[in-house]
Amino acid sequence: MSDPAVQTPTIPGSPRGGLFSRVIGDKMALTSIIVFVLVLLSALLAPLLTSWDPSRADLDDVLAPAFGEHILGADGSGRDVLARLLYGGRMSLLGAFIALAVALLVGIPTGLIAGYYQKWFDSISSWSANLIMSMPGLIIVLAVISIIGPRMLSVMAVFGILLSPGVFRLTRNGVQSVRKELYIDAAKVSGVGDISIIARHVLGVVKAPLVIQAAMMAGIAIVLQAGLEFLGVGDSSTTSWGQMLNEAFLNIYVAPLMLIWPGVMIGITVGALAIFGTALRDAVQGTQSLPRARKTGSQEVLPAAIEVVDGALRDRDRRGTLLSVEGLRVGYPRADGDTSIVVDGVDLHINRGEVHGVVGESGSGKSQTAFSIMGLLPTGGRVLSGKIEFDGTEFDAGSAKFLTSIRGNRIGYIPQEPMSNLDPTFTLGSQLVEPMRRHLSLSRAAAKTRALELLDRVGIADPRRTFDAYPHEVSGGMAQRVLIAGAVSCDPELLIADEPTTALDVTVQAEVLDLLRSLQQERSMGVMLVTHNFGVVADLCDRVTVMQNGRVVEHGTVGDIFDAPQHPYTQMLLDSTLEGTPPRAPLATEDAR
Amino acid sequence: MIRFFLNRLISGVVLVFVVATLTFMLMSLSGGNPARNILGEGATEEQVAAKAAELGLNLPIFERYWNWLTSALTGDFGSSWFTNEPVMSSLANKFPVTLSIVIVAILVTALIATVLGVTAAVRRGWIDRFVQVFAVIGFALPNFWVALVLVTIFAVTLRLLPATGFTPFDTDPSKWALGLVLPVAALVTGTIASTAQQVRGATIDILERDFVRTLRSRGISKQSLLFKHVLRNAASPALTVLSLQFVGLLGGAVIIEKVFALPGIGSLAVNATTQGDLPQILGLVVVMVVLVVIVNLLIDLATGWLNPKARVA
Amino acid sequence: MTAPLLNISDVVVDFPMKGFLTKPFRALKGVSLDIAPGETVGLVGESGSGKTTLGRAVLGLAPVTGGSIEFDGVDITHVSTRDRRALSRDIQVVFQDPYSSLNPAMTIGQILEEPLRVAGVGKAAARERIRELLAQVKLPEDSIDRLPRNFSGGQRQRIAIARALALRPRLIVCDEPVSALDLSTQARVLDLMIGIQEDTGVSYLFVSHDLSVVRHISHRVAVMYHGEIVEYGDCAQVTETPVHPYTRKLLMAAPVPNPTEQAARRHERERVLALDDAS
């Protein structure tokens with residue numbers, strides 16, 4: 001065997017993106033951080049920015065208008081508004097900081113321990129967290145004030161405890177999801193201690209969501225503190241934004257404009273935190289609005305596909321053609337604006353009653369071709385060009401209209417993974433019945449009868465019980481049979497099966513392949529069978545198309561492909577199968593060599 | 001299903017019990033001199049002592065707790081130390097006001113947020129951006145500030161809607177409704193914003209799922225796909241958000257009532273807590289927690305009915 | 001005849017079930033097998049057979065409630081975390097999923113360094129060893145500073161193998177290491193593993209659901225069904241002329257990549273099924 005690895009290209013690397021670099025890279029996040037820092041600085045540097053004393057009440061200046069001696073005017077007691085804004089920021093930011101610090105200090109360690117070790121600590125702490133989250137926070141805070149007096153900073157510490165369940169839950173869930181990952185098992189096998197595992201592996205994953213949540217909580221804390229001060233339960237001698245709003249309220253009929261300044265400050269500060277949070281969340285999860293794709297795409301040049309000439313066979317095919325695809329091109333827009341081509345000029349044709357295998361490895365574009373034929377590409381996928389002919393009707397590969405009318409009743413689809421392809425909130429029966437009622441105009445009772453017959457036909461032992469069951473109540477093999485029943489329920493002419501047995505055990509696979517064969521023969525359906533397994537191709541298919549990197553490299557009858565493969569890639573694939581390779585001799589004989 | 005319901009019910013009862021007990025203990029053990037607070041600075045020592053005895057403050061704490069608990073279970077929460085009005089009756093007068101605001105607010109939120117969130121998720125484009133921007137604004141501006149601005153514009157300047165006061169539903173339904181417009185509008189800006197975002201996120205997530213593609217391959221109608229399948233799957237996280245919003249709304253309503261001078265529990269709560277009026281505080285806390293428990297129970301039931309997998313949890 | 005490196009005797013594994021009084025689930029019902037130094041023993045079965053559980057029990061990742069596991073004569077059935085650390089020099093693992101067995105936030109260098117660091121190897125010596133390992137699995141040296149997501153599935157699996165080899169173990173438990181890989185990559189990775197075995201004399205406990213994969217790499221094969229070993233013997237015998245009906249069923253169920261041969265196998269399978277139904 002030739003030296004494989006060094007030639008295989010790796011995917012071009014994106015910059016080593018830690019959390020920090022992702023934040024700096026994102027314009028929104030960066031702007032919001034700058035805004036927040038400016039607010040913070042204005043509060044800290046208040047004495048430098050204004051010479052007025054925020055508590056100095058000057059009766060001559062009561063409700064003085066803006067742009068006079070007082071830049072932003074004076075309030076109902078003659079105090080300078082700008083000074084109160086700047087100094088007030090200190091209170092608001094400090095209080096929020098304390099609440100946040102307490103929430104994190106309480107929530108993170110408890111979340112880590114509860115998530116990692118579980119058992120009794122988890123039960124107790126989860127229950128306590130639920131308890132705290134169910135309590136109306138404001139009332140509790142008010143009650144706390146009545147106990148300890150209007151000491152706002154202590155109150156904010158208590159509020160931090162009220163916020164901690166959110167942090168606890170986030171951390172705990174993060175830990176639990178990571179615990180199941182195999183690299184944690186690998187670390188354990190290497191003898192890495194629990195604390196190291198938590199510190200190195202778990203925290204790294206939980207970092208980003210925690211930062212986002214912290215930003216949101218800081219915002220909530222600022223607003224709550226302002227609310228408390230607005231109610232008048234805070235310390236009236238200290239300056240804060242909430243106090244200013246309270247005073248503005250008292251003068252609402254006389255000087256309503258005084259509402260604006262503290263509101264704007266709160267809005268900007270909390271807004272900056274919120275924007276930072278959402279920008280970061282989008283960067284981490286990728287739920288932004290999608291970018292628009294640019295026209296051209298780039299693609300490396302591959303050796304040309306070798307046409308296997310069918311000759312007379314071809315002419316005969318054309319008369320009985322069920323599906324014909326010509327020049328199909330499919331692409332996905334990349335973040336940088338270019339398009340990544342996944343299907344690059346594919347031709348395919350399937351005759352009536354023929355089982356046609358589409359074989360390739362991962363990245364060959366075989367599944368994308370299948371999705372395009374049904375008009376069901378995943379989000380972001382676009383058909384760039386191509387023509388499809390289905391049973392005599394020709395249409396553009398990208399047009400949705402015709403495809404929508406034939407899905408379900410003339411084309412059936414069998415997916416790969418049984419469990420994730422069933423709606424968990426509806427019974428299996430109702431999911432079978434709904435399409436039949438729509439396409440075949442059956443009454444509910446007639447559809448149910450037909451569904452039960454189908455379930456029996458596909459080999460389900462107790463059709464009635466399965467009809468009323470939910471997806472999570474049946475096994476993978478049963479679920480796949482139900483999906484097959486659904487695919488053939490409206491008597492389609494073409495069946496598109498996307499790796500229908502890959503997720504199943506080998507003995508179940510054999511049974512399902514038998515089922516597909518008998519269904520196909522019974523109903524004379526054309527089948528497009530997408531697979532990577534040549535054994536399956538040998539078992540079921542009449543003709544085969546081999547794909548690599550989005551292109552067709554070879555196609556022909558199943559006999560031709562197996563006996564005399566023409567393209568080097570096909571030859572390589574067939575050589576790679578392990579069926580028929582000699583078994584290894586026992587150890588003693590090897591040593592004796 | 002029954003087991004699930006009972007489970008939640010028992011948790012709820014335990015919750016009420018624990019919260020009440022904690023509140024009682026914390027407040028009673030915190031020192032201070034309620035008797036003096038009630039009578040004021042000018043009272044003499046004997047008067048204070050007499051008042052303390054009258055309120056039962058000399059008794060050991062567990063006895064006081066037991067007394068309170070036994071009468072509370074019969075519905076008698078005692079009387080306010082400061083106003084002498086029976087706690088239950090003052091709550092019965094004021095709670096409906098707050099409740100009507102909160103319930104209308106949550107219903108309005110549920111409706112508008114669902115429409116906005118689903119549309120944003122399905123259509124993307126400008127409405128998607130709008131929802132995201134709106135979410136930030138709604139989060140950043142305190143709802144009582146929005147209330148103040150609304151009052152200034154609609155009530156003071158334009159004089160279209162009443163600035164203060166509350167008309168009970170039975171007296172005049174249309175006036176009742178008008179009186180609710182501004183308070184509810186102020187409250188829901190924040191909740192619609194964040195709920196819409198959650199709904200949008202949940203819907204996007206579900207639209208990406210495999211079973212949606214399989215359903216589409218069966219050829220079911222777009223409406224059925226969206227309103228029957230997608231919504232049912234998105235309901236669970238949406239309802240969870242709503243239950244959290246409800247708890248927040250209760251707090252928010254308290255503050256809003258000050259702006260609109262509504263005779264709800266807001267002023268009751270502020271006074272009781274600043275004065276240390278224990279029976280009143282306890283009554284308030286218990287009723288609030290019971291309310292939260294009921295709402296959470298209803299939401300849990302709805303979630304369990306919509307999502308069979310959740311019933312097992 | 002050399003003493004076995006690994007000796008598993010009547011091992012029982014019970015998993016506790018949710019709920020108050022529910023009986024635990026017995027995943028392994030008394031399983032015995034042994035592995036000699038430098039040998040590959042293949043463990044083949046379908047989902048629920050317990051093959052993965054057995055592998056995990058050897059690694060200390062499953063709760064063993066009966067029987068014993070001996071490594072080099074020492075009982076390792078219930079080992080403390082500190083002793084597990086010492087054991088990690090001798091017993092390592094390669095998992096199935098190349099996408100979740102490597103921490104996506106760590107560079108290859110950090111991933112390979114972790115087991116070395118835990119064993120107390122100095123920084124310079126670790127660097128040198130990492131270079132050796134990358135050469136052994138035929139990956140370029142500049143992989144050290146890159147993240148897992150820059151590599152294909154086959155390449156990630158090589159990294160996982162490199163990590164397993166770091167401390168020169170004597171036994172590697174391989175849990176479906178090639179199942180998630182493309183056909184052409186499977187053969188290459190398997191041959192790499194055979195080459196490493198011939199060079200270093202390491203033993204493999206090779207768990208897989210694919211009989212043909214197991215056939216290619218194992219000296220001896222054990223077939224598992226519902227927590228028990230139903231057949232155990234030399235590779236050729238078990239994978240070409242099996243005795244137990246379940247093994248026969250497995251063999252006949254796997255489709256052959258040759259239309260005429262597959263048709264023949266299918267008819268054979270149907271005939272056997274009909275016989276079974278009749279009996």
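## Helix packing and a salt bridge in a predicted complex

Helix α22 of chain A and helix α6 of chain C are oblique to each other, because their axes cross at about 50°, an angle that falls outside the ranges counted as roughly parallel (under 35 degrees), roughly perpendicular (65 to 115) and roughly antiparallel (over 145). The model in which this packing is seen is a predicted one, and the predictor assigns the complex an ipTM of 0.86 together with a pTM of 0.82.

**The contact between chains A and C**

The two helices span residues 568-576 of chain A and residues 183-200 of chain C, and their axes lie 8 Å apart. The crossing of α22(A) and α6(C) is left-handed. On the side of α22(A) the contact is formed by M572(A), L573(A) and S576(A), while α6(C) contributes L183(C), S184(C) and A187(C). Sorted by class, the residues of this contact comprise 4 nonpolar and 2 polar ones, with no charged residue taking part.

**A helix pair within chain A**

Helix α18 (residues 476-488) and helix α19 (residues 506-523), both of chain A, have axes that come within 11 Å and cross at roughly 15°, so α18(A) runs roughly parallel to α19(A). Their crossing is right-handed. From α18(A) the contact draws on G477(A), R481(A), I484(A) and V488(A), and from α19(A) on V508(A), E511(A), V512(A), L515(A), L516(A), L519(A) and R523(A). The contact of α18(A) with α19(A) holds 7 nonpolar, 1 polar and 3 charged residues.

The two packings are set out below.

| Helix pair | Axis distance | Crossing angle |
|---|---|---|
| α22(A) and α6(C) | 8 Å | about 50° |
| α18(A) and α19(A) | within 11 Å | roughly 15° |

**Salt bridges**

Over all chains, a search of the whole structure finds 38 salt bridges. One pairing in chain A joins the side chains of R84(A) and E247(A), whose N to O distance is 3.4 Å. Because R84(A) belongs to helix α4 (residues 81-117) and E247(A) to helix α10 (residues 241-250), both of chain A, the pair ties together parts that are 163 residues apart in sequence.

**Confidence by chain**

Chain C has a mean pLDDT of 90, with 98% of its residues reaching 70 or more. For chain B the mean pLDDT is 83, and 96% of its residues reach 70 or more. Among the elements of chain B, the lowest mean pLDDT, 71, belongs to helix α2 (residues 34-39), and the highest, 94, to helix α9 (residues 210-217). Where pLDDT is low, the predicted coordinates should not be read in detail.

Terms used:
Residues are numbered from 1 along each chain as its sequence is written. Chains are lettered from A and ligands numbered from 1 in the order in which they are written. This is a predicted model: local features need pLDDT of at least 70, side-chain atom pairs count only at pLDDT 80 or more; totals for chains, interfaces and linings use all residues. Side-chain values use heavy atoms; hydrogens and water are left out. Axes are lines fitted to C-alpha atoms, for helices over the stretch in contact, and angles run from 0 to 180 degrees between N-to-C directions. Helices (H or I, at least four residues) and strands (E, at least two) are DSSP runs, numbered from the N terminus. A crossing is left-handed if the near helix is turned anticlockwise from the far one by less than a right angle, and right-handed if clockwise. Contact means heavy atoms within 4.5 Å. Ala, Val, Leu, Ile, Met, Phe, Trp, Tyr, Cys and Pro count as nonpolar, Asp, Glu, Lys and Arg as charged, and the others, Gly among them, as polar. pLDDT is the predictor's confidence in each residue, from 0 to 100. A salt bridge is a side-chain nitrogen of Lys or Arg within 4 Å of a carboxyl oxygen of Asp or Glu.
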